[in-house]
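Biologist: I should like to go through this structure with you step by step. Please explain the reasoning behind each answer.

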Amino acid sequence: MRDFSSKIASALLCLLSLSVMVWATITWGTELTYTPPFLLGVFSLNFRCDDLARLFIFLFSAVTIAIAIFSPDYLQQYNNIHKGQYWVSFFLLAVSLLLVVVSADAICFLVFWEIMALSSAALVASDHLQKKVRKAALIYLGATRIASAVLCAGFLWMHVLTNSWIFVNWDFSRPSTYWPAFLILTGLCIKAGIWPFHLWLPYAYSAAPSTSSAFMSGFMSKVAMLALVRILVMGHLNSPYVIWTAFVLGCITAFWGVLFALVQNNLKKLIAYSSIENLGLILICIAFSLNASSNKQVLIAHMALVAAIVHCLNHGLFKSLLFLGTGAIEKSAGRLDLEYLGGLAKQMPTTWICMTVACLAACALPPLNGFPGKWLLYQALFQNICVKGAILEKTASVLSICLLSAVGALILSALVKALAVAFLGKARSTNAAEASERSIAMSVALVFLASCCVLSGLFANAMLTSVGSALASSGLPTVRVEVSLPTSFIVITLIGTSLACYFLFLHPVKTRKYVTWDCGYGSLSPKAQVTADSFAQPSARIFRPLLRYHNLSKIDGADRRHFPERIHVETRIISILETKVYAPLLAMVNVSSRSIARLQAGSIHIYLLYVCSTLIILLLLGVAF
Amino acid sequence: MSSIATWSSYLLTVIIFPPLCLGVVRKTKARLQNRVGPAVWQPFFDLHRLTKKRETLSDTMCGVFRLSTVVGLSTTFALAWFIPWVPIKPWSPHADIFTVIYLFALERFFTLLGAMDSGSAFGAFGASRDVTLNLLVEPALCLALVSLSIIANSTDLGAIFSFSHFSTVSLVWFCAGTSIFLTSLAELGRMPVDDPTTHLELTMIHEAMTLEASARNLFLLEFTRMLKLTLFLALSAQCYLRIWAGFATLAPFQQELLVLIGVLLMAIFVGILESLVVKLQWRKVPEFVAYIVTVSLISVFVAMAGNTSL
């Protein structure tokens, strides 16, 4: 019965996303504004839907349909999740996100932003009987509170300066608006999980059910980036301080995220960190575009902004696919620690193929959809080196190209590690050995998202032009970008040569099956395989000062070189930010709130004294002024 | 030149040159060790022998292994098709440097998966070291290519290597050529980084990764490796040749001849280097790569200073 209601909810969600998609397709190319006839308190609400918002609505529909199909079967494994609560929060989150995307003034934005924050916190806390989930939800809730506070402050400040709540009227080109711009940037960065505010993200995404992590990472974090574009980019921000802060934060985030992704052993955490990396890349694009437009380099600004939007859309698709893929593994193998998985490719072929597609896309490899955004960012950076300009900016571009290529190589190693340890080799636990594809609906959802990734990769040029035209219709000065990706050429060459190689060399040959080479010792145990830790060790060693990476190994035995009796290996990673910055800060807050708590003595006499003394102080103040 | 002659010369170079390069490297090493050594065309016989053998697969493999060797070779062929590594090509498509770098990454992704498919610790540790090397080397290669693009004002490799106003920036060609050459040593696991000729206890990267491959699979892997070596050597040979300002004024077939001789000379140089240099301890490799990155950075900044239009 309960299952049945889950299915109805999922069908309703599908219907909702299909209908908004159809609506967005029909109204494509027009700009709609709507002001409801009622007021919210004393404020009127303003909605505005342009092509840029419609692009995000398309992303919303794709991600939501996949999650709606995936959810009912996935949720069966959780006995402790209250399905009603889950679906109600999911609907609230979905609707509020849609309304955030189309809201045109600050009040409307904040209202739905808050509903979004609270309902997503409820989703994170779905399985709240576990202590780790409660902790994650609390951290997430704290982060969203701070984000909203900072954002509110920025909005109020802008209202004071411009006397308007409507985003279109906000102009950030005057020096007086630099501080509110900075506040708005900070608020949105906290919500998106930009370094150094990224700490909540791995906690929340790994504790939430995979479906909600997929939605939060695939769509919710992109909405923060869309808000950055809507408010700051379209408000013509030109403060070099804010822009360079954003740029440096983006660079650090991209590198930091991928570095920590490399050393994670939990599949969901690894993907969460890779999500941080991608948001860093998007922030780099936005900051770079702001910088170029403040230097009046319209072409570069446009290229970088298109790169940002395209990467938002593509990252939404492949990241939600990655999270749903982990959900499928979680359901059939029970755990997501890489040390307990292995050999899943044979038992779960659909999940394996879809996850490979997602990883290829996440590594930004050419025919797939992670590539266009990154490629356009590279092109924009390169163009910036080739035009007349300040030497400092050019140096920054050169260093960012350097950083981007290192980040690309690091994410490749992190995702190859995840993919190979989880899916290849032999199973490292009985649960993993008995895993299988459990549900057709889940596979359908995965295949749907994987084909979205492939198609948006193949039609990358069409996507780039439509994003360009959407930005043009949203009131930004645009120019035609003349570079285009040779996608079809790459695909044809690759498929042609692959088929030729296969049929020339491998196809008709008979093969012989034998065990993996074991140096003559006899059958290898699954424990003789590489672990996630040992795979990452050589790379992690290079960055050990940043990661605080320690690797202790102790080998005991009479003749320890040749006949070890006991081998003990321990790897430890300390997040400096968490232990050195946030922990003392939190301790300070705790101490100060404890001392403030002394005021609340619980005695009515003291409270009466407070009331009386407040009155006297107010009276005195009244007399004084 | 007629199109048939172009096609046949290109196909011959692409098929004959990679094994020949390796043969030259081996012959040079043998001569320097006072051995006669196998003939330079020995790699052809080795490859031919591999196609005759019967393939053995591990029963742990899930099928990505065979796919990976095929995709690896086809990506490298596609790259040979893209990159203007020889002056005479039947068709030169737009070879954007960033696409080229990410196509190399595509080849690597599949090679790594293939190495880990059998669940063998040898393959996996080889893969682990390979990704570590690559994350160090990738910025160097990227910056070297970017520096060339800066002087040509285009990210198209075809435009870069047909560019003719370079008299003031010959230092860029030199730095970029050196950087690409050293990158190829690290990327392909050659001497100061890894010794490709020993067996698995000593060879840490490539041999370890191909341990489970046999017969035709091994053929594909080996050929991919040789072709990659040739591509890198040809790119750096062209960079060196372009230091000489007269190179661009030569006829295409003279250029072709010079480039091919240059590649063989580079191969001899690799052989000499491998005989003289000792293998670095694994932990010292990052320092070696740091030098390559420095050369690339110098190259970029010289290019920025030397590009007169900036």
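Biologist: What is the mean pLDDT of chain B?

Modeller: This is a predicted model, and confidence is therefore a sensible starting point. In chain B, 95% of the residues reach a pLDDT of 70 or more. The mean pLDDT of chain B is 86.

Biologist: In which helix of chain B is confidence highest?

Modeller: Confidence varies among the elements of chain B, and it is lowest in helix α8 (residues 206–209), at a mean of 79. At the other end, a mean of 92 belongs to residues 97–116 of chain B. The helix with the highest confidence in chain B is α4.

Biologist: Which element of chain A has the highest mean pLDDT?

Modeller: Chain A averages a pLDDT of 88, with 98% of the residues scoring at least 70. Strand β2 (residues 39–40) of chain A has the lowest mean, 78. The highest mean in chain A, 94, is that of α13(A).

Biologist: What ipTM does the predictor give the complex?

Modeller: The predictor gives two scores for the complex. The pTM is 0.93, and the ipTM is 0.92.

Biologist: Which element gives the most residues to the side of chain A that touches chain B?

Modeller: Between the two chains, 59 residues of chain A are in contact with 62 residues of chain B. The elements that give two or more residues to the side of chain A include α14 (371–386), α19 (487–506) and α20 (532–542). With 14 residues, the element that gives the most is α15(A).

Biologist: Are α15(A) and α4(B) roughly parallel or roughly antiparallel to each other?

Modeller: The axes of helix α15 (residues 391–423) of chain A and α4(B) come within 10 Å and cross at roughly 25 degrees. The crossing of α15(A) and α4(B) is right-handed. Angles under 35 degrees count as roughly parallel. The two helices, α15(A) and α4(B), are therefore roughly parallel.

Biologist: Which residues of α4(B) meet α15(A)?

Modeller: On the side of α15(A), the residues that take part include A:Ser405, A:Gly408 and A:Leu412. They belong to a set that meets residues in α4(B). Those in α4(B) are B:Ile101, B:Ala105, B:Phe109, B:Leu112, B:Leu113 and B:Met116.

Biologist: How are α5(B) and α7(B) oriented, roughly parallel or roughly antiparallel?

Modeller: The axes of helix α5 (residues 121–152) and helix α7 (residues 170–187) of chain B come within 9 Å and cross at roughly 155 degrees. The crossing of α5(B) and α7(B) is left-handed. Among the residues of α5(B) and α7(B) that meet are B:Ala140 in the former and B:Ser179 in the latter. Since angles over 145 degrees count as roughly antiparallel, α5(B) and α7(B) are roughly antiparallel.

Biologist: How many residues does the largest nonpolar core have?

Modeller: The residues with the most contacts inside this core are A:Ile286, A:Ala304 and A:Ala358. Leaving aside neighbours within four places in sequence, A:Ala304 is in contact with residues including A:Cys285, A:Phe288 and A:Leu377. The number of residues in the largest nonpolar core is 334.

Biologist: Is A:Ser217 buried or exposed?

Modeller: A:Ser217 has its place in helix α8 (residues 210–233) of chain A. Not counting residues up to four places away in sequence, A:Ser217 touches A:Tyr205, A:Ser275, A:Lys319, A:Ser320 and A:Phe323. A residue with 20 or more other C-beta atoms within 10 Å counts as buried. A:Ser217 has 29 of them, so A:Ser217 is buried.

Biologist: Is B:Asn34 buried or exposed?

Modeller: B:Asn34 is found in the loop between α1 (3–32) and α2 (42–52) of chain B. B:Asn34 has a positive phi of about 65 degrees although it is not a glycine. A residue counts as exposed if 12 or fewer other C-beta atoms lie within 10 Å. B:Asn34 has 7, so B:Asn34 is exposed.

Biologist: Does A:Ala364 count as buried or exposed?

Modeller: A:Ala364 is found in the loop between α13 (349–362) and α14 of chain A. A:Ala364 also has a positive phi, of about 60 degrees, without being a glycine. With 30 C-beta neighbours inside 10 Å, A:Ala364 counts as buried.

Biologist: Which residue does a cis peptide bond join to A:Trp195?

Modeller: Most peptide bonds are trans. At this cis bond, omega is about 0 degrees. The bond leads into the loop between α6 (178–192) and α7 (200–207) of chain A, where the residue in question is found. The residue joined to A:Trp195 is A:Pro196.

Notes
Residues numbered from 1 in each chain as written. Chains lettered and ligands numbered in written order. Predicted model: local features only at pLDDT ≥ 70, side-chain atom pairs only at ≥ 80, totals over all residues. Core = buried A, V, L, I, M, F, W, Y, C linked by C-beta atoms within 7 Å. Contact = placed C-beta atoms within 7 Å. pLDDT = per-residue confidence, 0-100. Helix = DSSP H or I, 4+ residues; strand = E, 2+ residues; numbered from the N terminus. Axes fitted to C-alpha atoms, helices over the stretch in contact; angles between N-to-C directions. Parallel < 35°, antiparallel > 145°, perpendicular 65-115°, else oblique. Left-handed = near helix turned anticlockwise from the far one by under 90°.
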